[in-house]
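The following exercises ask the reader to work through a single protein chain step by step. Each task is followed by its solution.

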Amino acid sequence: MIDVLLNIFWIPLGGFLSFLIFISAINKSIGVRKAYVNLLLRIFEYGRVSIETASKENQHIKNPKTDDKQGVQLVDDVDSKEGTNGATLITRDAVLLPQPQEPAPEKPVSSTKDEINFDFEKCLDYVKSGVEAIIEDDVTSRFEAEELKSWNMLTRTNRHYEFISWKITSIWVFGFFIRYVILMPLRVLVCFVGVLFAVLSNSIVACLPFRFVRLSLASLSFKITFRLISSSMSSFIKFHNKQYKPTVSGFCVANHTSPLDVAILSTDCTYSLIGQRHGGFLGVLQRALARASPHIWFERGEAKDRHLVAERLKQHVSDPNNPPILIFPEGTCINNTSVMQFKKGSFEVGGVIYPVAIKYDPRFGDAFWNSAKYSMMQYLYMMMTSWAIVCDVWYLPPMYRQEGESAIDFANRVKSVIAKQGGLIDLVWDGQLKRMKPKKEWREIQQVEFANRLKSDST
């Protein structure tokens, strides 16, 4: 009897996994995920209307004279305050911004001291900028999860919307059961199959003697691996402007939100990956991929050697048979509301740059990885228990470094194009401020500028 039950269980499960691998290999969809996403949007809209209705009723109970317009306005005000990570709370004329450091001109030595007549009003703009930065600065809010204007039926909120009415509570309980009891085990299984497929397929492909055949099969194995991994998150991806998809060796440059960025982009195109060697789950995947494909992994000490990194990048792009290198020049994960400073390393090597903009829909699940707060396994657990990963990917026209253009200017030009297409805020700040304090040189430049202003005003 037990054998019969096991056969009944394993036959449909094996058929499901075989079918999933097959449609991943041919990159086709049967429309299930699209229908699932559309159903979630309808549920979210129903929840939004129910929450707004309950908020207006509570407002009428507290203040019977409040009319409908005031009730709606209050709801809108709360929503706008919750979305401060996406849209700035205050509009400022920024004063203290990092400026490119230039050698200071030599000043003639003066025997007399400059007399400065200090006026308190001359420093009010600096005081204003400081107070604005205390209320909301341009940097720290980019390393926190983007808050939503309406609840998405997940438990990651302190508003307790799930108890606002019995209907919302029923939907929330049912959704909790679906995500944790049905979707999560299936997603873990599919992700395990994806990693196992990567290990086995790349081990076999690496044994093939002919390089052309080996690279072709490695490319197919690479895409199937990440299609399976992205499927384990119920990913729904829309690719735009496919005529600009990277085709030859070069650099594919994209904004960085999550380790999932690699899986998202690799479902449609084969890339060579570059990064630091890791242990654990990522280490298993790195070693499996490196068996058959020309990826570039560095030890921790080697990654700090800029010359060594640049030399290996040049060797890779010099071979036209190598796939383009996928790079995230920000160097850290940002919460998908903005694009921060691009490191100039990949823009100094030369070659074609393929810009790519990635924009996630946070209503279905927050793809941002806050590495300071969550480990990789905690992050994967959150992704496995989210509704889905929905995002848009825009391929942009290839870009080349212009004659006389510095690597920094080229990087900023590419960053601006990506930010504009993805609807992201273009920031000049370095993403490494997530882990370090502002450079001393930035403060000194602003101090010199302020002193010069006092001198010019006193003369």
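**Exercise 1. Annotated transmembrane regions.** State which residues the UniProt annotation "transmembrane region" covers, and describe the chain over residues 188–213.

*Solution.* Step 1: the unreviewed UniProt entry assigns "transmembrane region" to residues 6–26, 163–182 and 188–213. UniProt positions follow the numbering used here, feature names are shortened, and such annotations may be inferred rather than shown by experiment.
Step 2: over residues 188–213 the chain is 81% helix and 0% strand, with 32 Å between the end C-alpha atoms. Helices (H or I, at least four residues) and strands (E, at least two) are DSSP runs, numbered from the N terminus.
Step 3: the basis of these values should be kept in mind. This is a predicted model, in which local features need pLDDT of at least 70 and side-chain atom pairs count only at pLDDT 80 or more, while totals for chains, interfaces and linings use all residues. Residues are numbered from 1 along each chain as its sequence is written, and side-chain values use heavy atoms, with hydrogens and water left out.

**Exercise 2. The chain as a whole.** Determine how many helices and strands the chain has and what percentage of its residues is buried.

*Solution.* Step 1: the chain has 14 helices and 9 strands.
Step 2: of its 459 residues, 40% are buried; buried means under 20% relative accessible area, exposed over 50%, and partly exposed in between (1.4 Å probe, protein chains only).
Step 3: among contacts (heavy atoms within 4.5 Å) between residues at least 6 apart in sequence, 80% join residues at least 24 apart.

**Exercise 3. Strand β8.** Explain why strand β8 is described as largely enclosed, and identify the bridge partners of I237 and V356 in this strand.

*Solution.* Step 1: strand β8 (residues 389–395) is largely enclosed by the rest of the structure because 6 of its 7 residues are buried.
Step 2: strand β1 (residues 235–240) pairs with β8 in the parallel sense over 6 bridges; pairing requires that DSSP find at least two bridges between the strands. I237 has C391 as its bridge partner in β8.
Step 3: strand β7 (residues 353–360) runs antiparallel to β8, joined to it by 5 bridges. Here V356 is partnered by Y395.
Step 4: I264, in helix α7, is buried at 1% relative accessibility. Beyond its neighbours within four places in sequence, I264 contacts S235, I237, F239, Y360, I389, C391 and V393. I264 and I389 are 125 residues apart in sequence, yet their C-alpha atoms are 9.5 Å apart in space.

**Exercise 4. The nonpolar cores.** Establish which residues have the most contacts inside the largest nonpolar core.

*Solution.* Step 1: a nonpolar core is a set of buried Ala, Val, Leu, Ile, Met, Phe, Trp, Tyr and Cys residues joined through side-chain atoms within 4.5 Å. The largest has 41 residues, and those with the most contacts inside it are F226, L265, Y271, L273, L326, V356 and Y360.
Step 2: several elements each supply at least two residues of this core, including α5 (166–205), α6 (211–231), α7 (260–266) and α8 (280–290). The largest share, 6 residues, comes from α12.
Step 3: another core, of 24 residues, lies apart from it and includes I327, I353, M399 and F410.
Step 4: in α12, the buried residues are M376, Y379, L380, M382, M383 and M384; what covers them includes α5, α7, α8 and β8.

**Exercise 5. Helix α13.** Where around the axis of α13 do its buried residues lie?

*Solution.* Step 1: helix α13 (residues 407–422) has 16 residues and spans 23 Å from first C-alpha to last, close to the expected 22 Å at 1.5 Å a residue; the expected span is 1.5 Å times one less than the number of residues.
Step 2: A407, F410, A411, V414, K415, I418, A419 and G422 are buried in α13. They cover an arc of only 165° around the axis, which puts them on the same side of α13; the arc is that of the directions from the helix axis to the C-beta atoms.
Step 3: elements against which these buried residues pack include β7 and β8.
Step 4: just after α13, G423 takes a positive phi of about 65°.

**Exercise 6. Two asparagines.** Are N241 and N336 buried or partly exposed?

*Solution.* Step 1: N241, in the loop between β1 and β2, has a positive phi near 55° and is partly exposed at 30% relative accessibility.
Step 2: N336, in the loop between β5 (325–327) and β6, has a positive phi of about 70° and is buried, with a relative accessible area of 3%.
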